Amino acid sequence: MAQFSVNSDRFDPYKNFKFLIKWDGRTVAGVSKVGALKRTTEVVEHREGGDVSSTRKSPGQTKYEAITLERGVTHDPDFHDWANLVWNYGASPPSSGSGGGEMSLKNFRKDITIELYNEAGQLAIAYNIFRCWVSEYQALPELDASANAVAIQTIKLENEGWVIDDGVSEPTEQ
């Protein structure tokens with residue numbers, strides 16, 4: 001069976017260094033690393049009353065692992081602004097009559113898209129990740145004056161599932 005239906009001569013799988021992240025209908029600048037998309041389904045073991053020697057297994061709840069996004073520190077506020085929708089230090093307290101400003105219940109969740117491109121820059125595969133929210137935000141890494149490295153900021157996104165975008169088909173390679 002061919003691994004690629006359109007490009008039957010292609011043997012190599014896609015590389016992992018050409019990708020884009022999108023949310024709110026636009027590309028997020030500078031993302032250099034994306035954690036794995038991983039789901040795990042619990043195993044429910046049971047046995048029939050008359051069978052004492054073996055157990056049966058069936059699927060239980062499915063859990064989706066958090067996804068980490070990393071990028072170099074810049075003046076782009078996307079990571080910071082999204083993280084502040086979940087917790088905003090200094091927001092108005094509940095006693096101010098505003099009902100508490102610590103969290104935006106309206107829009108702290110976002111659907112995001114991860115697009116993977118082939119070596120020619122053609123969109124090859126896309127994944128839609130649903131109801132993401134920032135559970136961890138690192139604005140600055142540990143700073144080290146003797147290091148020769150880029151300062152990286154990180155967000156950790158909890159999510160409620162993902163699917164391959166069926167609207168993206170295998171591109172015809174030249």
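Colleague: Quick one to start: is Val-73 buried or exposed, or somewhere in between?

Modeller: In between: Val-73 counts as partly exposed because its relative accessibility is 36%. Here buried means under 20% relative accessible area, exposed over 50%, and partly exposed in between, with a 1.4 Å probe and protein chains only. Bear in mind that this is a predicted model, where local features need pLDDT of at least 70, side-chain atom pairs count only at pLDDT 80 or more, and totals for chains, interfaces and linings use all residues. Residues are numbered from 1 along each chain as its sequence is written, and side-chain values use heavy atoms, leaving out hydrogens and water.

Colleague: Got it. Where does Val-73 lie?

Modeller: In the loop between strand 6 (67–72) and helix 1 (78–86). Helices (H or I, at least four residues) and strands (E, at least two) are DSSP runs, numbered from the N terminus.

Colleague: And which residues make a nonpolar surface patch with Val-73?

Modeller: Leu-140 and Leu-143 join Val-73 there, and the patch covers about 280 Å². Patch members have over 30% relative accessible area and no salt bridge; like charges are joined within 9 Å, nonpolar side chains (Val, Leu, Ile, Met, Phe, Trp, Tyr) within 5 Å. The areas are Shrake-Rupley values with a 1.4 Å probe.

Colleague: Back to strand 6. How many bridges join strand 6 to strand 9, and which way do they run?

Modeller: Six bridges, and strand 6 runs antiparallel to strand 9, which spans residues 152–158. Pairing takes at least two DSSP bridges between two strands. To pick out one position, Arg-71 has Gln-153 of strand 9 as its bridge partner.

Colleague: What about strand 8 and strand 9?

Modeller: Strand 8 (residues 123–138) is also antiparallel to strand 9, with five bridges joining them. If you want a spot to look at, find Gln-138, which faces Thr-154 in strand 9.

Colleague: Changing topic: how many salt bridges are in the whole structure?

Modeller: Nine turn up in the search. Each one is a side-chain nitrogen of Lys or Arg within 4 Å of a carboxyl oxygen of Asp or Glu.

Colleague: You mentioned Arg-71. Which residue forms a salt bridge with Arg-71?

Modeller: That would be Asp-76, and the closest N and O atoms of the two are 3.3 Å apart. Arg-71 is buried because its relative accessible area is 1%, whereas Asp-76, at 22% relative accessibility, counts as partly exposed.

Colleague: Nice. Which residue does Lys-110 pair with?

Modeller: Lys-110 forms a salt bridge with Asp-24, with 2.7 Å between the closest N and O atoms. This pair links distant parts of the chain, 86 residues apart: Lys-110 sits in strand 7, and Asp-24 in the loop between strand 1 (19–23) and strand 2 (26–27).

Colleague: Why does Lys-110 count as buried, and why does Asp-24 count as exposed?

Modeller: Lys-110 counts as buried because its relative accessibility is 13%. Asp-24 has 51%, so it counts as exposed.

Colleague: Last one: which residues are linked with Glu-160 in a network of salt bridges?

Modeller: Arg-109 and Arg-131. For the Glu-160 and Arg-131 bridge, the closest N and O atoms are 2.6 Å apart. Here too distant parts of the chain are linked, 29 residues apart: Glu-160 is in the loop between strand 9 and strand 10 (162–164), and Arg-131 is in strand 8.

Colleague: What relative accessible area does Glu-160 have, and what does Arg-131 have?

Modeller: Glu-160 has 41%, so it is partly exposed. Arg-131 has 39% and is partly exposed as well.
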